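Visitor: Could you take me through one small part of this protein and then show me what's around the rest of the chain? I'm new to this, so plain words please.

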Amino acid sequence: MAKQKPPVKKNQTIELSFQDLTHEGAGVGKVEGYPLFVPYALPGETAKVKVVKVNKNFGFGKLLDIKEVSPERVEPPCDVYVQCGGCQLQHMSYSLQLKMKQNQVKNAMRKIAHLEDVPVHPVLGMEDPWRYRNKVQIPVGERDGELITGFYQKRSHKIIEGMDRCVIQDEVNDRMVEVVRRMADRLGISAYDEEHDKGVLRHIMVRTGQETGETMIVLITRTEELPHQEELVKEIHETYPHVKSIVHNVNKKKTNVIFGKDTKVLWGNEYIYDNIGDIKFAISARSFYQVNPPQTKRLYDTALEYAALTGGETVVDAYCGIGTISLFLAQQAKKVYGVEIVQEAIADAKKNAKLNHIENTEFYVGEAEKVMPWWTAQGLRPDVIVVDPPRKGCDEDLLEAMITMKPERIVYVSCNPSTLARDLRILEDGGYETKQVQPVDMFPQTGHIEAVAEIRLKK
Ligand code: SAH
């Protein structure tokens, strides 16, 4: 690390060679040991860079002109890639994306967990890493008297000009956004105007079950009433028979949150259905459902493999959400207890258990870090514990409860390698051993990575 003054100044233009990538996929180059982070630059490249920010130990630059181009650089297929910012890795080959994500997990294991020798397997990637998302929520606006839809530009509330597709989005959803926008435009429905807090249509949400082909459309308005509701609804479902549900949600508040609290079905079913493996899910407008089910299946198959169930085990699934993992585990265990903080998610979990005639699960609403110690006090001694916490990782009380419960195996599903590594260190110190880690690419073209770790009680 540079101890003295940084060797570059703000606004200076320099030539820089890149050796590495950050978590977010920015290129890292060094000037006399002082690292500069430059978005869209790749390792192996040399480029003209403008220094835009100078901190004590590192700085940021803007890519101006690439002199030496990496063979891993590809043309981003998205027309609005840089403006949007929703994807960060479209400019690199998919194989480099996977390598970068594997390295990210490896580095976390080494630097944070101090686990040098734990195998971190190559990332399970998608065969076709495009058009995988099953849900889109897109803002509606107006330009020159016409309705437009598009994501907001990076760090703004300005809808991107001319965005008529999203290349990581299911094609059906892209088309339905356009269809609904055109119909609404023809009927004279106005767009919500955020600045003056008037107008009607705020967002269009479309979710399609990739296995079933069923589509749900949700129209989110500022107003209680959706003008021309009947015509709009009739035209949508008569023209597009794969649409099984049309829902209206009212959000009167001046807020960044998309949904308001009142939801009603305008036409069709309250749910659409989709499958992950053998399990069927009923998905309502407000339900959480994984956005990439085929990769979710691979993630859960790995979790199931690491759980090594034989049919007789008692299992705890902490942070269970709508019970996706619990229901998978239940097929091979004696009993599964799920715990989750969101009440609606637990209602969905129970409903999904019924839907699949799975009778050996019990779901509880509560904070996992409070419920687990309570279960311990009740004498519950699971053979296997599965955790799938949010980005901030497991609560310390929960890690402690696990160490006290002493299950033979722990399976840790994580969406953040840094907190995974931090928590593995605590489990290692509490008598556990990390056997292997399998990263899975649930969100190609973006910087996100999921990983599953197999952890066993030391003999
Ligand atoms: N395993 C589920 C969801 C995992 S996402 C699936 O695959 O679908 C993480 C979940 O943890 C979210 O549903 C979130 O609501 C829940 N959560 C967050 N903090 C929690 C806490 N302290 N106790 C229990 N659940 C919590």
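In which loop is Glu 313 found?

Guide: Sure! You're looking at a predicted model, where local features need pLDDT of at least 70, side-chain atom pairs need 80 or more, and totals for linings use all residues. Residues count from 1 along each chain, and side-chain values use heavy atoms, without hydrogens or water.

Glu 313 sits in the loop between helix 5 (293–307) and strand 14 (314–318). Helices (H or I, at least four residues) and strands (E, at least two) are DSSP runs, numbered from the N terminus. So is this loop residue buried or exposed? Glu 313 is buried, because its relative accessible area is 8% (buried is under 20%, exposed over 50%, partly exposed in between, with a 1.4 Å probe on protein chains only). Now look at its company. Setting aside residues up to four places away in sequence, Glu 313 touches Ala 308, Gln 332, Ala 333, Lys 334, Lys 335, Asp 383 and Arg 409. Touching, or contact, means heavy atoms within 4.5 Å.

Next stop: Ile 279, which belongs to strand 13 (residues 279–283). Ile 279 counts as buried because its relative accessible area is 1%. Find Phe 328 as well: it is 49 residues from Ile 279 in sequence, yet their C-alpha atoms are 7.5 Å apart in space. Phe 328 is also one of the contacts of Ile 279, along with Asp 274, Leu 327, Gln 331, Asn 356 and Ile 358, again leaving out neighbours within four places.

Now for a residue with a note in a record. UniProt, in an unreviewed entry, lists Cys 415 under "active site", though such annotations may be inferred rather than shown by experiment. Cys 415 lies in the loop between strand 18 (409–414) and helix 10 (417–429). With a relative accessible area of 18%, Cys 415 is buried too. Apart from residues up to four places away, Cys 415 touches Pro 389, Pro 390, Arg 391, Ile 449 and Glu 450.

Helix 10 turns up again at the second largest pocket, where strand 1 (13–21), helix 2 (94–111) and helix 10 each supply at least two lining residues. Helix 2 gives the most, with eight. On a 1 Å grid over the protein atoms alone, a pocket is an open set of points with protein on both sides within 12 Å along at least five of seven lines, a cavity is a set where a 1.4 Å probe fits but can't get out, and lining residues have an atom within 4 Å of a point. This pocket has 20 lining residues, and Asp 20, Leu 21, Thr 22, His 23 and Asn 107 lie nearest its centre. The lining divides into nine nonpolar, seven polar and four charged residues. Why does this pocket lie between domain 1 (13–73) and domain 2 (99–127 + 292–457)? Both domains give residues to the lining, so the pocket lies between them.

Finally, the closed spaces. The largest cavity is lined by 13 residues, with Ile 138, Asp 164, Arg 165, Asp 174 and Val 177 nearest its centre. Strand 6 (135–143) and helix 3 (171–186) are the elements that give two or more residues to this lining, and helix 3 gives the most, with four. Among the residues lining the second largest cavity are Cys 78, Asp 79, Val 80, Gly 162, Met 163, Asp 164 and Arg 165. Asp 164 and Arg 165 are also among those nearest the centre of the largest cavity.

Definitions and conventions
Nonpolar A, V, L, I, M, F, W, Y, C, P; charged D, E, K, R; others polar. Domains from an automatic or database assignment.
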